[in-house]
Amino acid sequence: MSRRLRDPGVPLDVARVREDFPLLARQVHDKPLIYFDSANTAQKPRAVIDAVDRFYRDSNANVARAVHQLGEEATAAYEDARDRLAKFLNAPSRDEIVLTSGTTQAINLVAYSWALPRLGPGDSILVTTMEHHANIVPWQLVCERTGAQLKVAPIDEAGELIVEKFIEALTPDVKLAAVAHVSNVLGTINPVATLARHARKRSIPLLVDGSQAAPHIPVDLRALGCDFYAMTGHKLFGPTGTGALWARGAILADMPPFFGGGEMIREVRFEKTTFADPPQRFEAGTPNIAGFAGLTAAIDYVEALGRERILAYEHELRDYMLDALATVRGLRLIGEAKERVGVFSFLIHGAHAHDLATLLDHEGIAVRSGHHCAHPLLQFYRVPATLRASLAFYNTREEVDRFIDALARVRRLLG
Ligand SMILES: Cc1ncc(COP(=O)(O)O)c(C=O)c1O
């Protein structure tokens, strides 16, 4: 569930927004670029690029180590990102935000620090059919080492989680449930608040993979009611190698360190080392300070545009794309959930997804083809690969039109 939305007010001025993204002005194969791969990684506004550049030009130093001016500026830049993320996600406390390199590290932190010491034979971890490998493989590794089992809650053909089945699967052996907030293949938005309510009734912690949600829908951790929330900065228009894990304070307090090294200790003695409190306990070593300066700028940028305004624009563009895709002969859309974002996976009869993506690239159109790090989901649909077009607020109806025209052209080339 999302924070109650305000009236979006003045619509998004997309032409103006596009000017903020230098890369969108480039040509690819002598054609104006159409970037429809934002679910993979999003483009960065100038404000983010400048923030990273400014950090290295003006403030570069390490965090939490030096008392000199630059050290203080670097620490402030890094800690600012924690404040901004806490506010952006409506987290109860900034100390519940662990800065990570992305969702993958965030989920692995929970796997190794929280799940590994707790699970044993007879226990289970519940996931869903639509998870990204980052929300499957860490749990499988934990299961291998503990003797626990992975259970899978099913989806239907439309790509919606079958909520009753998920609830039924919350049996006493389940020690953790882990679900995507938004599917990176189907675009489906899962009813996380409902899932969290049922998990909570049974005292089962719920981890939410928010990688694809944070860039599109307002995320309100207090309203969602989950226990862990993992997100990634580079899909949120920030630099690569940035992200966060949010977890309830009481849970974090009970988690041992995962990585050991500098910054995460209280005192080191050869006989015994004591550890810092969360979140520093989980942030060993020198972090991606410049990246987090960029992530702060990304969050500021998104908030300045207005999340309600972005959402309103993206809904309109999503519906426009859905209507446009419906006109393409032989197109099979994979995933038709009612609640969804502008991520579209599809197949075209008689054409392989990789061939289509290669030919579209020659038209200046960047889409992704393949399994999208979701093998089990593609197995469910019995397809080896799909073409995925994923939109962001900097895309336009004109780009959708050009994309549909190009699709017809490249398809004719493939016979
Ligand atoms: C749903 C989902 N989960 C997890 C990830 C992994 O994110 P990262 O590679 O930034 O750690 C992705 C990235 O594609 C994703 O889409």
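These questions and answers cover a four-stranded sheet, two helices lying across it and one arginine, in a predicted model.

Residues are numbered from 1 along each chain as its sequence is written. In this predicted model local features need pLDDT of at least 70, side-chain atom pairs count only at pLDDT 80 or more, totals for chains, interfaces and linings use all residues, and side-chain values use heavy atoms, leaving out hydrogens and water.

Reader: Which strands are the edge strands of the open sheet?

Author: The sheet has four strands, paired antiparallel in the order 13-14-17-16. Strands here are DSSP runs of E, at least two residues, and helices are runs of H or I, at least four, numbered from the N terminus. Two strands pair if DSSP finds at least two bridges between them. Each edge strand pairs on one side only: strand 13 (331-334) and strand 16 (368-370).

Reader: What is the bridge partner of leucine 331 in strand 14?

Author: Strand 13 and strand 14 (residues 343-348) run antiparallel, joined by four bridges. The partner of leucine 331 is isoleucine 348.

Reader: At about what angle does helix 14 run to strand 14?

Author: Angles run from 0 to 180 degrees between N-to-C directions, with axes fitted to C-alpha atoms, for helices over the stretch in contact (heavy atoms within 4.5 Å). Helix 11 (residues 307-326) lies across strands 13, 14 and 17, at about 5° to strand 14. Helix 14 (residues 397-413) lies across strand 13, strand 14 and strand 17, and its angle to strand 14 is about 20°.

Reader: Is arginine 307 buried or exposed?

Author: Arginine 307 sits in helix 11. Buried means under 20% relative accessible area, exposed over 50%, partly exposed in between (1.4 Å probe, protein chains only). At 12%, arginine 307 is therefore buried.
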